[in-house]
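Colleague: I would like a close look at one part of this protein, namely the packing of its nonpolar core, and then a careful account of how the surroundings fit with it. Please take the residues one group at a time.

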Amino acid sequence: MAAPHILVTRPAEDSEPLAARLRALGFIVSAEPMLEIRWLDGPEPDIGNVQALLFTSANGVRGYTRRTSRLDRPVYAVGDATATAARAAGFTRVESASGDVYALADLVRRRCTAAAGPLLHVAGTKLAGDLSAMLGESGFSILRETLYDAVPSARLSDGTAALLRTGTLDAVLFFSPRTARSFVRLVAEAGLIDRCRTVDALCLSPAVAEAARAYGELGVTPWQNVRVAPRPEQDSLLGLLPEPSGGTGRA
């Protein structure tokens with residue numbers, strides 16, 4: 001039996017290492033980045049009185065280190081992949097919330113005090129959750145540096161279209177609502193929405209699953225299955241994958 005064919009929809013910077021990991025596990029992997037990361041130019045972030053840095057994506061880490069070499073502040077990361085990117089960039093004091101933006105806000109409340117100074121949230125132009133409002137309610141002052149833009153893909157690649165037409169795609173990995181919405185839109189524009197009937201949508205969170213199900217204003221994307229990771233982190237999502245040998249699940 002052929003190994004399951006998995007489609008990775010993350011931006012290229014994140015999809016390449018993930019695809020390599022999945023191939024090493026025995027999967028057939030294709031990439032269809034739904035977002036292109038465009039770095040924004042500007043001055044070095046001012047962290048003079050900042051007590052800690054908040055990263056809600058690995059792209060935030062990359063954008064920050066493009067602008068400055070200051071790595072002397074504690075880092076609180078939304079998830080393990082973002083924390084790994086921060087450590088790889090050279091930060092030495094890194095803690096992961098291992099979840100979503102709500103988990104990150106909870107972590108910050110436990111580790112920081114509002115009196116110690118403002119927190120710098122490094123972000124893109126589009127935000128998933130209002131971290132400033134969440135922490136502002138607890139008395140924290142949040143500064144925000146917008147260092148990149150994530151631009152949606154304009155069309156579905158010929159390769160992915162062919163996988164859908166031939167029914168050789170087994171599952172699609174979705175990490176964000178925006179990515180899921182973009183994929184469904186492009187599949188619909190390509191006239192291939194009905195081809196999702198043989199494909200599983202594997203989603204990082206309930207919000208991602210809701211976006212993957214939505215088709216236009218009132219329609220529902222006809223996935224074979226929509227499954228949600230028990231925890232909003234990459235390893236939990238990968239646990240939803242079938243066994244490379246054709247079994248029903250991974251440990």
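Modeller: What follows begins with the core and then turns to the domains, one strand residue, the aromatic rings and the charged side chains.

The model is predicted, and every value below should be read with that in mind. The largest nonpolar core has 42 residues, and those with the most contacts inside it are Leu-22, Leu-173, Phe-174, Phe-183 and Trp-223. Several helices and strands each supply at least two residues of this core, among them strand 1 (5-8), helix 1 (12-24), helix 6 (158-166) and strand 9 (171-174). Helix 7 (177-189), strand 10 (200-203), helix 8 (206-213) and helix 9 (234-238) also belong to that group, and helix 7 gives the most to the core, with five residues.

Leu-173 is a convenient place to look in detail, as one of the residues with the most contacts inside the core. Leaving aside residues up to four places away in sequence, Leu-173 touches Ile-6, Leu-7, Val-8 and Thr-9, together with Leu-18 and Leu-22, and its list of contacts also includes Leu-202, Leu-237, Leu-238 and Leu-241.

For the wider setting, the protein is divided into domain 1, which is made of the two segments 5-34 and 153-239, and domain 2, which covers 37-151. The C-alpha centres of domain 1 and domain 2 lie 27 Å apart, and the contact between them takes eight residues from domain 1 and twelve residues from domain 2.

Leu-120 offers a second packing site to examine, and this residue is found in strand 7 (residues 119-124). Its relative accessibility is 2%, so Leu-120 counts as buried, the limit being under 20%. With residues up to four places away in sequence again left out, Leu-120 touches Pro-45, Ile-47, Val-50, Ala-52, Leu-53 and Leu-54, as well as Leu-143, Arg-144 and Glu-145. The C-alpha atoms of Leu-120 and Asn-49 are separated by 9.8 Å, although these two residues are 71 residues apart along the chain.

Among the aromatic side chains, the count comes to seven aromatic pairs. In one of them, the rings of Phe-55 and Tyr-64 have their centres 5.9 Å apart and their planes at 75 degrees, and the pair is edge-to-face because that angle is over 60 degrees. Both Phe-55 and Tyr-64 are buried, and ring pairs link these two residues with Phe-91 into a cluster. A ring also takes part in a contact with a charge, since the charged end of Arg-10 sits over the ring of Phe-175, 4.1 Å from its centre.

The charged side chains complete the picture, and the structure holds eleven salt bridges. Arg-70 and Asp-72 meet through their side chains in one of these, at 3.0 Å from N to O, while Arg-73 forms another with Asp-72, the closest N and O atoms being 2.9 Å apart. Arg-70 is partly exposed at 33% relative accessibility and Asp-72 is partly exposed at 34%, whereas Arg-73 counts as buried at 14%. Salt bridges that share partners join Arg-70, Asp-72 and Arg-73 into one network. Elsewhere, Arg-38 forms a salt bridge with Glu-36, with the closest N and O atoms 3.5 Å apart, and here Arg-38 is partly exposed at 43%, as is Glu-36 at 44%.

How values were computed. Residues are numbered from 1 along each chain as its sequence is written. This is a predicted model: local features need pLDDT of at least 70, side-chain atom pairs count only at pLDDT 80 or more; totals for chains, interfaces and linings use all residues. Side-chain values use heavy atoms; hydrogens and water are left out. A salt bridge is a side-chain nitrogen of Lys or Arg within 4 Å of a carboxyl oxygen of Asp or Glu. Buried means under 20% relative accessible area, exposed over 50%, partly exposed in between (1.4 Å probe, protein chains only). A nonpolar core is a set of buried Ala, Val, Leu, Ile, Met, Phe, Trp, Tyr and Cys residues joined through side-chain atoms within 4.5 Å. Helices (H or I, at least four residues) and strands (E, at least two) are DSSP runs, numbered from the N terminus. Contact means heavy atoms within 4.5 Å. Rings of Phe, Tyr and Trp (its six-membered ring) pair if their centres lie within 6.5 Å; planes under 30 degrees apart count as stacked, over 60 as edge-to-face and the rest as tilted. A charge sits over a ring if NZ of Lys or CZ of Arg is within 6 Å of the ring centre and within 35 degrees of the ring normal. Domain bounds come from an automatic or database domain assignment.
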